[in-house]
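I opened my notebook and loaded the structure. Here is what I looked up, entry by entry.

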Amino acid sequence: MKNYKELLKNINTFIFDYDGVMTSGDVLVDGNGVPLRSSDVKDGYALQLAARLGYNIAVITGGYSISIEKRMAMLGVSDVFVRSANKVEVMERYVKEKSVSYDQVVYMGDDLPDYPVMKMVGLPVCPADASSEIKDISLYISNRNGGKGAVRDIIEQVLKAQDKWMKDFSCYIW
């Protein structure tokens, strides 16, 4: 088995679950029944940076809120698949559409719905607070919790491994 750091060099696609990865997993509901989620600005910064650098970025989530789509659009992430009951089918279509191989994909998930798609990719990773089953199949477990910098952690590692971190400063202005 290769060290996961060797796999970082081949990554051109980031795919993330949303709740529990880009958010802490805590969902508050307002008086109108609209779910409210909090996210980390450093995760957001890393996402928009990776998008500007030309990486494929997608979100595949079973959840739905207009705020998911709006936040991702604001960050330059247009490939957002909500209400995804079958993440495997979404993954298969996405990889084919983008003409990438599974070994070029990092997927960050945190719970059982992510298990099948994580088994498909070259680099399955998770936040520190992921379920034990997800940790068992992850080649890297961030030291950050979901919604608290785990997304930034894996994006930064890929960019550093590919010598793209802190290189083109025009991309760093948000």
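My notes on the sheet, the cores and one lysine follow.

**Entry 1: the sheet.** I reminded myself that this is a predicted model. I looked up how the strands are ordered. There are six of them in an open sheet, in the order 5-4-1-6-7-8, and the pairing is parallel. Then I asked which strands stand at the edges. They turned out to be strand 5 (79-81) and strand 8 (140-141). Each has a single partner strand, so one side of each has no neighbour in the sheet.

**Entry 2: strand 6 and its partners.** I went to strand 6 next. On one side it joins strand 1 through four bridges, and the two run parallel. I checked one pair there: Thr-13 has Val-105 as its bridge partner in strand 6. Strand 6 also joins strand 7, through three bridges, again parallel. I found Val-106 opposite Leu-123 and Met-108 opposite Val-125.

Are the faces of strand 6 buried or exposed? I found both covered: Val-105 and Tyr-107 sit on one side, Val-106 and Met-108 on the other, and all four are buried.

**Entry 3: strand 7 onwards.** I tried the face check on strand 7 as well. Leu-123 and Val-125 point one way, Pro-124 and Cys-126 point the other way, and all are buried. Two bridges tie strand 7 to strand 8, which run parallel, and Cys-126 stands opposite Ile-141. I traced the chain between these two strands: it passes through helix 6 (residues 132-137), and this β-α-β crossover is right-handed.

**Entry 4: the largest core.** How many residues does the largest nonpolar core have? I got 35. Among those with the most contacts inside it are Phe-14, Phe-16, Met-22 and Ile-154. I noted which elements give two or more residues to it, including strand 1 (13-16), helix 2 (41-52), helix 3 (66-74) and helix 7 (150-161). Helix 7 gives the largest share, six residues. A second, separate core has 17 residues, and Ile-60, Val-90, Val-95 and Tyr-107 are in it. I jotted down a general rule here: nonpolar side chains tend to be buried together in soluble globular proteins.

I also checked where helix 7 lies. It goes across strand 1, strand 6, strand 7 and strand 8, at about 170° to strand 1.

**Entry 5: Met-22.** I picked this one from the core to see what surrounds it. Leaving aside neighbours within four places in sequence, I found Met-22 in contact with residues including Phe-16, Leu-47, Val-59, Met-72 and Val-151. Asp-17, Ser-38 and Gly-147 are among its contacts too.

**Entry 6: Lys-87.** I ended on a lysine in helix 4 (residues 87-98). Is Lys-87 buried or exposed? Its relative accessible area is 7%, which is under the 20% cut-off, so Lys-87 counts as buried. I looked for a polar partner and found one: the side chain of Lys-87 makes a polar contact with the side chain of Asp-17, at 3.1 Å. Not counting residues up to four places away in sequence, Lys-87 also touches Ile-60, Thr-61, Gly-62 and Tyr-107, among others. Pro-113, Asp-114 and Val-117 are on that list as well.

How values were computed
Residues numbered from 1 in each chain as written. Predicted model: local features only at pLDDT ≥ 70, side-chain atom pairs only at ≥ 80, totals over all residues. Heavy atoms only, no water. Core = buried A, V, L, I, M, F, W, Y, C linked by side-chain atoms within 4.5 Å. Buried < 20%, exposed > 50% of the residue type's maximum accessible area, 1.4 Å probe, protein only. Contact = heavy atoms within 4.5 Å. Pairing = 2+ DSSP bridges. Axes fitted to C-alpha atoms, helices over the stretch in contact; angles between N-to-C directions. Polar contact = N/O pair within 3.5 Å; in protein donor to acceptor, adjacent residues only side chain to side chain. Right-handed = clockwise from strand over helix to strand, strands pointing away.
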